[in-house]
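Colleague: Could you take me through one part of this model at close range? I would like to see how the helices at the start of the chain pack, and what the aromatic rings beside them do.

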Amino acid sequence: MILKKKEKYVLNLIKKRDKYKVSDLIKSSQISPTSLRRILTKLDEYDLINRSWGEVSLKQNDNTNIEYTGDEKYFHEKLYKNKKLKEAIALEAANSLTENARVFLASGTTTSLVPMFCKQKLTFMTNNVILLKSIIEDHISIIMLNGEYHKNNEALLGDLVVQNMENLYATHTIVGCTGLHPASGATTGDYHEGIINKTMLKKSIGQKIIVADSSKIGLGTNFKFAGVSDFDTIITDSNADPILIGEFIKQGINVKIVTI
């Protein structure tokens with residue numbers, strides 16, 4: 001069976017809880033009630049979920065023949081895709097930070113690599129769980145933005161993360177994306193991740209940097225969290241489409257291109 005993108009998105013949301021109230025699922029998915037009912041009906045027909053009295057839950061089946069369209073890979077699979085490019089981009093981002101900077105660092109594969117290249121004294125304020133599993137040097141301080149742990153993203157997400165940022169401000173913000181286009185801006189496949197990225201950018205009083213390897217340039221996904229003009233700097237690699245790079249530059253954005 002092949003799941004459509006929205007069907008897969010809703011199924012992934014359901015996987016994160018033992019049971020999900022349909023009313024809560026409508027809010028979390030940002031999908032209209034009518035469309036959500038159609039999606040749940042399909043997932044029920046595929047024998048993937050249980051439905052009862054306004055609630056849904058994942059059915060514990062061995063669904064080995066499921067294929068996804070627009071599939072979001074697990075974090076560690078994504079990390080090793082284009083890893084050399086991501087490391088080069090992360091190094092450039094690290095070199096953009098000044099001594100004693102306070103940095104909002106968003107979740108993501110490329111962003112998670114930035115601290116390992118930092119030689120200066122810094123404080124990272126982050127929802128990126130992978131930092132807790134990394135070897136961090138003594139000159140790096142970490143402030144975790146607490147929230148609900150999402151394994152697929154290796155991130156803490158949800159309203160609590162946004163609340164934790166209420167009294168925090170950063171001199172720099174570094175975010176990633178799943179798509180970056182001159183017209184449609186920066187997008188992500190996860191609504192909650194998008195809200196946190198948007199909040200980080202809003203509460204930054206200094207440099208706003210987006211890191212995106214060339215596979216992300218020209219793409220657009222479900223949720224827009226920023227326009228191109230919301231960033232000071234884009235860091236990508238030399239495989240990016242030069243026409244699109246030119247469009248970013250026309251909008252007054254500083255584009256840094258790394259090579260390996």
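Modeller: Happy to; what follows goes through the helix contacts one by one and then turns to the aromatic rings. Please keep in mind that this is a predicted model.

Let's begin with helix H1, residues 5–15, and its contact with helix H2, residues 22–29. The axes of H1 and H2 come within 11 Å and cross at roughly 120 degrees. An angle from 65 to 115 degrees would count as roughly perpendicular, so H1 is oblique to H2. Their crossing is right-handed. On the H1 side you will find Tyr9, Val10, Leu13 and Ile14, and these meet Leu25, Ser28 and Ser29 of H2. Sorted by class, this contact of H1 with H2 holds five nonpolar residues, two polar ones and no charged ones.

Next, follow H2 to helix H3, which spans residues 33–45. Here the axes come within 10 Å, and the crossing angle is roughly 110 degrees. That puts H2 roughly perpendicular to H3. H2 passes H3 in a right-handed crossing. The residues to click on in H2 are Val22, Leu25, Ile26 and Ser29, which meet Pro33, Leu36 and Leu40 in H3. By class, six residues in the contact of H2 with H3 are nonpolar, one is polar and none is charged. Notice that Leu25 and Ser29 are listed in the contact with H1 and also in the contact with H3.

H1 and H3 also pack against each other, with axes 10 Å apart and an angle of about 80 degrees. H1 and H3 are therefore roughly perpendicular to each other. From H1, the contact draws on Lys6, Glu7, Val10, Leu11 and Ile14, while H3 supplies Leu36, Ile39, Leu40, Lys42 and Leu43. This time the classes come to seven nonpolar, no polar and three charged residues. Some names come back here too: Val10 and Ile14 of H1 meet H2, and Leu36 and Leu40 of H3 also meet H2.

Now for the rings, starting from Tyr9, which you have already seen in the contact of H1 with H2. There are two aromatic pairs by the rule used here. In one of them, the ring centres of Tyr9 and Phe223 lie 5.8 Å apart with the planes at 55 degrees, so this pair is tilted. Tyr9 belongs to H1 and Phe223 to strand S15 (residues 223–226), so the pair ties together parts that are 214 residues apart in sequence. Tyr9 is buried, at a relative accessible area of 11%. Phe223 is buried as well, with a value of 17%.

Phe223 has another ring partner, Tyr191: their centres are 5.5 Å apart and their planes stand at 70 degrees, which makes the pair edge-to-face. Tyr191 sits in helix H7 (residues 191–202) and Phe223 in strand S15, so this pair links parts that are 32 residues apart in sequence. At 24% relative accessibility, Tyr191 counts as partly exposed. Together, Tyr9, Tyr191 and Phe223 form one aromatic cluster.

Methods. Residues numbered from 1 in each chain as written. Predicted model: local features only at pLDDT ≥ 70, side-chain atom pairs only at ≥ 80, totals over all residues. Heavy atoms only, no water. Axes fitted to C-alpha atoms, helices over the stretch in contact; angles between N-to-C directions. Helix = DSSP H or I, 4+ residues; strand = E, 2+ residues; numbered from the N terminus. Parallel < 35°, antiparallel > 145°, perpendicular 65-115°, else oblique. Left-handed = near helix turned anticlockwise from the far one by under 90°. Contact = heavy atoms within 4.5 Å. Nonpolar A, V, L, I, M, F, W, Y, C, P; charged D, E, K, R; others polar. Phe/Tyr/Trp six-rings, centres within 6.5 Å; stacked < 30°, edge-to-face > 60°. Buried < 20%, exposed > 50% of the residue type's maximum accessible area, 1.4 Å probe, protein only.
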